[in-house]
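Got your viewer open? Load the model, switch to a cartoon view, and let's walk through a few stops together.

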Amino acid sequence: MQRIAEDMIERIAASNDIVEVIGSYFPLRREGATYKALCPFHQERSPSFTVNPHRQIFKCFGCGAGGSVYRFVMDYENLSFIEAVRKLAARAGIPLIEQELTAEDQARVDLRRRLLALHADAAGWFHLQLMRQKSAQHAREYLKKRGLSAEVAKSWKIGYAPEGWEIFGGWARQQGYSVRELFESGLVSRGDKDDESPVTERTRYRDRFRNRIMFPICEHKNGDVIAFSGRTLETDPRTPKYVNSPETMIFSKGDVLFGLHRSMRSIIDKKCAIVCEGQIDLITAFEAGVTNVIAPQGTAFTPKQARMLKRYAQEVILCFDSDAAGEKAAARSLEFLLAEDLGVRVAGLPPGEDPDSLIRSQGGPAFAERMAAAQDFFTFQLDRLARTPEFTTPKGRANLAHKMAGWISFIKDAAFREAVMGQVTTRLEISMKEFANLVVRTRQPQKGKGAADLVLENVATPLTDPNFRLLALAALHDEEACEWLRAAPFRDLLARETDAGLVLQILE
């Protein structure tokens, strides 16, 4: 396999002006310093596709597509990166020098290709087990009880992993897959847990998934199967309810959103993603007509999942179970979603219900109505906290104020933050000034932000007395002043001042 030197790739990009390249596919209209057009990647009536000649990038603010001239050619013509480089090199008249991959790089490319093939074959085999084998009758009955028909199982390629230690592994070996490939895929594990010797063709293994309903996890852009989630059919409470594939060369749990390969277009059209906890919840909602649904590979979002979702949606509706675990999952997801400037709402479900049970009892339209009526995250939490015994006492409301301050501290937009703070102080009957200082003390510098960013952010908002802003700037820029403020009695005096939260953060 060939590879192209990085300096050659940069030279080709520099020789292909992005405005000229994109303009050769469809007309662009100049608007000030940028160019605009109707996006070729989704249907729209007003132009949201923008090309920036200064930065040499394109961006659609409707569907989230964007990137360099290479990315445009790849997406528009459905080409690989190497094919896009070759096309643009020819356009610029640049002779392309391609180099052979090293043996190590070639081995990784070959292994990745084999792992994708193994997962595709495994998905087909698990599905055939579910649909045809007598031993899978209890799995079919379980799915029928959950309202998932044979047609739905075919559509989502749901499968069944038979009970047994080496049934799948033995079948895969017969198909020509090596023991190393089986271990690298995560579909098998060591037969002897204490064995730490290198994997060879004689290494004993056992199937990772046994007596489980199998849900293929797909890469969202091309739909390739990259992992599995297995739901147990055992009645033993000690058996884990779900077992997922481990991290592999082709699968990282925090980078994947289940169902996005099916729901991406609907999410783009609606500019909203409904987040369910599990695979069955998602599939039930999708088949009931609510198709802008996804599920994280866990109970809360990761930063990468939030960044991925930002490409397609403007807001998120969290639809987790109505129990305490669901409420905690919603709160844990908040920081990363707000960091991407996504609107966050929460759909309240009746006690004891989840999306799957609600749809089966009341139907898809009733579920859709609840999603449409979902409350802003902070309003939802205030209403929930108002129903607790703590809300009836001053001390309890003070504790709730600390909890709300923690969530509000994740808000980046100053106007939005102030509006939410006003809502909280009214409901909790506390001083706006005191609560503002509590939020400042709670707020932590975001990743990638230093103390200077924090100072500038707070100077722009009326949260601290001007004198303390000056002290903060002095502590930030003057080492002697910083040491002076750290010493007693000044540190003790600052600790007693409600407006000194920012200064104390810098000193810490």
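Start by selecting Ala153: with a relative accessible area of 3%, Ala153 is buried (buried means under 20% relative accessible area, exposed over 50%, partly exposed in between, with a 1.4 Å probe and protein chains only). Before you go on, know that this is a predicted model, in which local features need pLDDT of at least 70 and side-chain atom pairs count only at pLDDT 80 or more, while totals for chains, interfaces and linings use all residues. Residues are numbered from 1 along each chain as its sequence is written, and side-chain values use heavy atoms, with hydrogens and water left out.

Ala153 sits in helix 7, residues 150-156 (helices, H or I of at least four residues, and strands, E of at least two, are DSSP runs numbered from the N terminus). Who touches Ala153? Leaving aside residues up to four places away in sequence, Ala153 is in contact (heavy atoms within 4.5 Å) with His127, Leu130, Met131 and Ile158. Now draw a line from Ala153 to Met131: the two are 22 residues apart in sequence, and their C-alpha atoms are 8.6 Å apart in space.

**Next stop: an open sheet**

Colour strands 8, 11, 12 and 13. These four form an open sheet in the order 8-11-12-13, with antiparallel pairing (two strands pair if DSSP finds at least two bridges between them). Strand 8 (159-161) and strand 13 (242-244) are the edges; each has a single partner strand, so one side of each has no neighbour in the sheet. On average, neighbouring strands here are turned by 35° against each other, direction ignored (axes are lines fitted to C-alpha atoms, for helices over the stretch in contact, and angles run from 0 to 180 degrees between N-to-C directions).

Then add helix 11 (residues 279-287), which packs on the sheet and touches strand 11, strand 12 and strand 13. The direction of helix 11 makes about 70° with that of strand 11. Zoom in on strand 11 (residues 212-218) and strand 12 (residues 225-232): seven bridges join this antiparallel pair. For one of the bridges, pick Cys218, whose partner in strand 12 is Val225.

**A covered strand**

Move on to strand 15 (residues 272-276). Is strand 15 buried or exposed? Five of its five residues are buried. Cys272, Ile274 and Cys276 are on one side, with Ala273 and Val275 on the other.

Strand 15 pairs in the parallel sense with strand 17 (residues 315-319) over five bridges, and Cys276 has Cys319 as its bridge partner there. Strand 15 also pairs in the parallel sense with strand 16 (residues 293-296), over two bridges. In strand 16, look for Val293, which stands opposite Ile274.

**Two unusual backbone spots**

Select Lys271, in the loop between helix 10 and strand 15. Lys271 is not a glycine, yet has a positive phi of about 60°; its relative accessible area of 38% makes it partly exposed. Asp341, in the loop between helix 13 (324-339) and strand 18 (343-346), is not a glycine either and has a positive phi of about 60°. Asp341 is partly exposed, at 48% relative accessibility.
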